[in-house]
Amino acid sequence: VLNVPSYEKGDLALSSIEFAYEITPDSSGKFLKAGYRVMPNPSRSYYLDKRAIYLYAEAYNLKPSIGNDTSYSITLDILGFDGKAIKSIPAVSYKKPGESAVLMTGFSIATLKPGRYELRLTLADGEFSTVAIRDFKVLATKEQLKTAQKINVYKDFPEANEIRNEEDAKKFRDEIIYIANGGELKLYDSLNLTGK
């Protein structure tokens, strides 16, 4: 069952948050919204070396501009999965284009650690406000993943960290000769010192 929310006239409302790899000005092609190309990221996963996350949402039922009330604002809060705020991005105000608006913004993930988070988007229009929340993941950089993999190998096979020269490599070979088969020993012998 697909639940489609209703945005009929009435209370201030927000669509769900859609994450993107990038948002760039464009006038043709796929994935266009309000003069921008929004490249969707359905996995909502970002490597730390990408440095930024982009998002897209839509606001509905903004109140008509009267007097000085000509803008709305959005605030972003990054929450841990325990619901506690980790980072807050101050409110930014935008001029009301009418009763609805396209919200496109981004934020840095440089200070976040790898893990799962929730993004809380708060839309405020005068005395009214509404919130949308969506989860996303921050992944370690590929270099960090390689380093972690090496650390795990050394943790599981600490003797591998002891191979500093060809003499150490020969001692290690003498230890594994009883558990390695002929093909494995042949492969070991063909490797350089780093491979061993």
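Let's start with two helices, α2, residues 166-176, and α3, residues 182-190: their axes come within 11 Å and cross at roughly 175°. Anything over 145 degrees counts as roughly antiparallel, so α2 and α3 are roughly antiparallel to each other. Please keep in mind that this is a predicted model.

Who makes the contact? On the α2 side we have A169, F172, R173 and I176, and α3 answers with L185, Y188 and D189. If you sort the residues of that contact by character, 5 are nonpolar, 2 are charged and none is polar. The charged pair is easy to pick out on screen: look for R173 on α2 and D189 on α3.

Now let's move over to the strands, and I'd like to use β11 as our guide. This strand covers residues 128-139, and 11 bridges join it to β10, with the two running antiparallel. Between β10 and β11 there are 2 residues, and together the strands form a hairpin. In that turn, have a look at G126, which has a positive phi of about 65°.

To find your way along the hairpin, here are two pairs. T122 stands opposite V131 in β11, and R116 has K137 in β11 as its bridge partner.

So what else pairs with β11? Strand β5, residues 45-47, is joined to β11 by 3 bridges, and here the strands run parallel. For a landmark, take Y46, whose bridge partner in β11 is V138.

Back to β10, residues 115-125, which also pairs with β7, residues 71-80. That pairing is antiparallel and has 8 bridges. One place to look is L76, which stands opposite L121 in β10.

Last stop: a pocket. The second largest pocket has a volume of about 180 Å³. Which residues are the closest to its centre? Of the 13 that line the pocket, those are E18, F19, V38, P40 and N41.

Three elements give two or more residues to this lining: β2 (18-25), β3 (32-33) and β4 (36-40). Of these, β2 gives the most, with 3 residues. As for the character of the lining, 8 of its residues are nonpolar, 4 are charged and 1 is polar.

If you want to look around afterwards, I'd suggest two views: the α2 and α3 contact, with F172 and Y188 among its residues, and the turn with G126 between β10 and β11. Thanks, everyone!

Key: Residues numbered from 1 in each chain as written. Predicted model: local features only at pLDDT ≥ 70, side-chain atom pairs only at ≥ 80, totals over all residues. Heavy atoms only, no water. Pairing = 2+ DSSP bridges. Helix = DSSP H or I, 4+ residues; strand = E, 2+ residues; numbered from the N terminus. Axes fitted to C-alpha atoms, helices over the stretch in contact; angles between N-to-C directions. Parallel < 35°, antiparallel > 145°, perpendicular 65-115°, else oblique. Contact = heavy atoms within 4.5 Å. 1 Å grid on protein atoms, 1.4 Å probe; cavity = no way out; pocket = protein on both sides within 12 Å on 5 of 7 lines; lining within 4 Å. Points joined across faces, edges and corners; volume = space filled by probe spheres on them.
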